[in-house]
Amino acid sequence: MDKAVAITVLVALASVASSSGEVYKVGDKAGWTTLGHVNYTAWAANKNFKVGDIIQFVYNKDFHNVAEVSMEDYKSCNVGSPKALYKSGNDSITIKTEGHYYFLCTVPGHCAVGQKVDIRVGNLAPSAAPSSPPEAAPPSTPPTEGTPPTGGAPQAQPSGASATAESKAVGFLLAVLALAAAFGGITMPR
Ligand SMILES: *[C@@H]1O[C@H](CO)[C@@H](O)[C@H](O)[C@H]1NC(C)=O
Ligand SMILES: *[C@@H]1O[C@H](CO)[C@@H](O)[C@H](O)[C@H]1NC(C)=O
Ligand SMILES: [Cu+2]
């Protein structure tokens, strides 16, 4: 009975631990910048973002900012109607629900050279496949500096990411079982 309780508690603790949010610094060491032309699509592609994770933008606030925008504005680099604007130079955004979070820098020209990122949270279709075709061409915002939006990157590697997550979970479970065995001297199932 005590062993069962101990195992239950350990498993509960393990699931709490594994569901606590991770902090993702956008661009890793480079941060949020136009220098070096960091490919933020590639940066985001192999991440398994979850609700509760924290997306951290670190940048020089004299040169950049962070705007959360709609998918359309993300694709067209329209900086004119952000949903939210951050400019502290060190902005941490906690993910509250599944979905796409589109961010870009509103400084003229920066989005066009790639300072934009699509944070895809949950098991959703890649943003490259919009569910509805573009409707009657909206009064267009001129694309900045003639660079086409880079919206066409399919992030086709969920298998690798989920395999990693699974092996992590299995490892965790094994560790918990080993601990429980050591703790209670139980024999493993035969
Ligand atoms: C950025 O990376 C994505 C995914 O790896 C790739 O498809 C895309 O072509 C890259 N963009 C540039 C501008 O290199
Ligand atoms: C950014 O803020 C976090 C806390 O929100 C802090 O841990 C981190 O050191 C800060 N980084 C920089 C570069 O200021
Ligand atoms: Cu910028």
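A nonpolar core is a set of buried Ala, Val, Leu, Ile, Met, Phe, Trp, Tyr and Cys residues joined through C-beta atoms within 7 Å. A residue counts as buried if 20 or more other C-beta atoms lie within 10 Å of its own, as exposed if 12 or fewer do, and as partly exposed in between, with C-beta atoms placed from the backbone.

The model is predicted: local features need pLDDT of at least 70, side-chain atom pairs count only at pLDDT 80 or more, and totals for chains, interfaces and linings use all residues. Residues are numbered from 1 along each chain as its sequence is written, while chains are lettered from A and ligands numbered from 1 in the order in which they are written.

**Exercise 1.** Find the largest nonpolar core and the elements that build it.

Solution. Start with the core itself: it has 25 residues, and Val-26, Phe-103 and Leu-104 have the most contacts inside it. Next, look at who contributes: H2, E2, E3, strand E6 (99-104) and E7 each give two or more residues. Helices (H or I, at least four residues) and strands (E, at least two) are DSSP runs, numbered from the N terminus. The largest share, four residues, comes from E6. Finally, take Leu-104: leaving out residues up to four places away in sequence, Leu-104 touches Ala-67, Val-69, Tyr-74, Cys-77, Val-79, Cys-111, Gln-115 and Lys-116. Contact here means C-beta atoms, placed from the backbone, within 7 Å. As background, nonpolar side chains tend to be buried together in soluble globular proteins.

**Exercise 2.** Work out the strand order of the open four-stranded sheet and say which strands stand at its edges.

Solution. The order is E4-E3-E6-E7, with antiparallel pairing; two strands pair if DSSP finds at least two bridges between them. Strand E4 (84-86) and strand E7 (116-121) each have a single partner strand, so one side of each is left without a neighbour in the sheet. Neighbouring strands are turned by 25° against each other on average, direction ignored; the axes are lines fitted to C-alpha atoms, for helices over the stretch in contact, and angles run from 0 to 180 degrees between N-to-C directions. For a closer look, E3 (residues 66-69) and E4 share three bridges, and Val-66 has Tyr-86 in E4 as its bridge partner.

**Exercise 3.** Trace the neighbours of strand E2 and the connection that leads into it from E1.

Solution. Take E1 (residues 23-25) to begin with: three bridges join E1 to E2 in parallel, and Tyr-24 is partnered with Ile-55. Between E1 and E2 the chain passes through helix H2 (residues 40-45), in a right-handed β-α-β crossover. Right-handed means that, with the strands pointing away from the viewer, the path from the first strand over the helix to the second runs clockwise. Now turn to E5 (residues 90-94), which pairs with E2 in the antiparallel sense over five bridges; here Phe-57 stands opposite Asp-91. Lastly, compare the faces of E2 (residues 54-58): Ile-55 and Phe-57 form the covered face, whereas Ile-54, Gln-56 and Val-58 form the uncovered one.

**Exercise 4.** In the loop between E1 and H2, locate Asp-28 and His-37 and describe their phi values and surroundings.

Solution. Asp-28 lies in that loop, and its phi is near 50°. With 10 other C-beta atoms within 10 Å, Asp-28 is exposed. His-37 is in the loop between E1 and H2, has a positive phi of about 45°, and counts as exposed with 11 C-beta neighbours inside 10 Å.

Technical notes:
Contact = placed C-beta atoms within 7 Å.
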